[in-house]
Amino acid sequence: MAEEITEILQKFALSTKELGGSELELGNVSPSVKECEESLVGKIKGEKVINFVGVKNFVTLAWGYPKGLRVVEVGVNTFQFFMANVKDRERICTGGPWVIDSQILVIRPWFEGFEEKEVEFNIAPLWIQVWNLPVHWISKEVGKKIASVFHDTKEVIIPQGGGKEGRHIKILVLADISEPLMRGTTVKLEGKVKWLSFKYERCPDFCYTCGKIGHSERNCSDGIQLGKGHQDNQFGPWLRAGGGGNHHRKKNQEVHNLHLYLLASKGGDLRMDSLFQYQMEGS
Ligand SMILES: [Zn+2]
């Protein structure tokens, strides 16, 4: 704020009236603060600008018609949602992910200065499927352990029945979406290191170059340094659950590349033979 006023003073020769300003006391702003305290704030992380009507229609439906909901647009993809009922606010804050037009709407209780604080909207819920666990390891406890690589775990679900692709665990986590999407994680299982792959349900758009939510490859500023043997597209639609990339050959290539990636990045901890074994199982 101090910088802002210095800048303005440098730019304009202000008249006495302009400089005269009034002094605000806390009493003056407290009614609006009180009103704000009964609101949620939200930012849509993405390049597509979603208009007011689109957001209003979306949240009204997705949030189950909260009583007295009032939506105010306060900037590009930035909104404030007023509703008096504290239960509604809690339910919406802990719910989600709210995905509008393939972009994630991150919701938080109102806080002062939210308009400018992009980083405060970096923690968001994501549904993730965990694949490649042997059937006898599929349990809520294991799911919780795996989910501990994320900011927080909200739910672990064991979907019943398998299908052609086998069985998986589903986790709802709070993840830092300013970081690249995790493509999986390694676990040590009965003495062997195994790669568990993640697939994202209702996944918001993300950059196939750096794996981050909020922009596309076209506007990616991350110059990713690839090691020898790494494929160009380190991220891709194959991270989406149920969508693209299920082609067998592509999948094998993907697994192969992950091995190289793991070998390069985790060196000592991974033994070639355990990776080889996984490759045999996987192929
Ligand atoms: Zn990027």
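**Exercise 1. Strand 8 and its partners**

How many bridges join strand 7 to strand 8, and in which sense do the two run? Then find the other partner of strand 8, and sort the residues of strand 8 by face.

*Solution.*

Step 1. This is a predicted model. In it, strand 7 (residues 152–157) is joined to strand 8 by five bridges, and the two run antiparallel.

Step 2. Check single pairs. I157 has K170 of strand 8 as its bridge partner. T153 stands opposite V173, also in strand 8.

Step 3. Turn to strand 6 (residues 123–131). It pairs with strand 8 over eight bridges, again in the antiparallel sense. Here V130 has I169 as its bridge partner.

Step 4. Sort the faces. In a regular strand the side chains alternate between the two faces of the sheet. Strand 8 covers residues 169–176, and its covered face holds I169, I171, V173 and A175. Its uncovered face holds K170, L172, L174 and D176.

**Exercise 2. The whole sheet**

Give the strand order of the open sheet of five strands. Which strands stand at the edges?

*Solution.*

Step 1. The order is 7-8-6-10-9, and the pairing is antiparallel.

Step 2. Look at the two ends of that order. Strand 7 and strand 9 each have a single partner strand, so one side of each has no neighbour in the sheet. These are the edge strands.

Step 3. Add the twist. With direction ignored, neighbouring strands of this sheet are turned by 35 degrees against each other on average.

**Exercise 3. A helix with a buried side**

Which residues of helix 6 are buried? Why do they count as lying on the same side of the helix?

*Solution.*

Step 1. Helix 6 spans residues 140–147, and its buried residues are G143, I146 and A147.

Step 2. Check the directions. The three cover an arc of only 95 degrees around the axis, so they sit on the same side of helix 6.

Step 3. Recall the general rule. An α-helix has 3.6 residues a turn, so residues three or four places apart point the same way.

Step 4. Ask what lies over them. The cover of these buried residues includes strand 6, strand 7, strand 8, strand 9 (184–189) and strand 10 (192–201).

**Exercise 4. A loop residue and its contacts**

Where does E38 lie? Is E38 buried or partly exposed? Which residues does E38 contact beyond its neighbours within four places in sequence?

*Solution.*

Step 1. Place the residue. E38 is in the loop between helix 3 (26–37) and strand 1 (39–45).

Step 2. Count neighbours. E38 has 16 C-beta neighbours inside 10 Å, so it counts as partly exposed. The cut-off for buried is 20 or more.

Step 3. List the contacts. They are F82, M83 and A84.

Step 4. Compare sequence with space. E38 and F82 are 44 residues apart in sequence, yet their C-alpha atoms are 6.1 Å apart.

**Exercise 5. Unusual backbone angles**

Which two residues does a cis peptide bond join? Which residue between strand 4 and strand 5 has a positive phi of about 50 degrees?

*Solution.*

Step 1. Start from the rule. Most residues other than glycine have a negative phi, and most peptide bonds are trans.

Step 2. Find the cis bond. It joins G96 and P97, with omega about 5 degrees. P97 is in the loop between helix 5 (86–94) and strand 4 (98–100).

Step 3. Find the positive phi. D101 has a phi of about 50 degrees and is not a glycine. D101 lies in the loop between strand 4 and strand 5 (103–109).

Step 4. Look at S102. It lies in the loop between strand 4 and strand 5. Its phi is also positive, near 60 degrees.

Step 5. Compare exposure. D101 has 14 other C-beta atoms within 10 Å, so it is partly exposed. S102 has 12 such neighbours, so it counts as exposed.

**Exercise 6. How far to trust the chain**

What is the mean pLDDT of the protein chain? Where is the pLDDT below 50?

*Solution.*

Step 1. The mean pLDDT is 83, and 80% of the residues reach 70 or more.

Step 2. Residues 244–249 are below 50, with seven contacts in the model beyond near neighbours in sequence. Residues 259–283 are also below 50, with 22 such contacts.

Step 3. Draw the lesson. Where pLDDT is low, the predicted coordinates should not be read in detail.

Definitions and conventions. Residues are numbered from 1 along each chain as its sequence is written. Helices (H or I, at least four residues) and strands (E, at least two) are DSSP runs, numbered from the N terminus. Two strands pair if DSSP finds at least two bridges between them. The arc is that of the directions from the helix axis to the C-beta atoms. Two residues are in contact if their C-beta atoms, placed from the backbone, lie within 7 Å. Axes are lines fitted to C-alpha atoms, for helices over the stretch in contact, and angles run from 0 to 180 degrees between N-to-C directions. pLDDT is the predictor's confidence in each residue, from 0 to 100.
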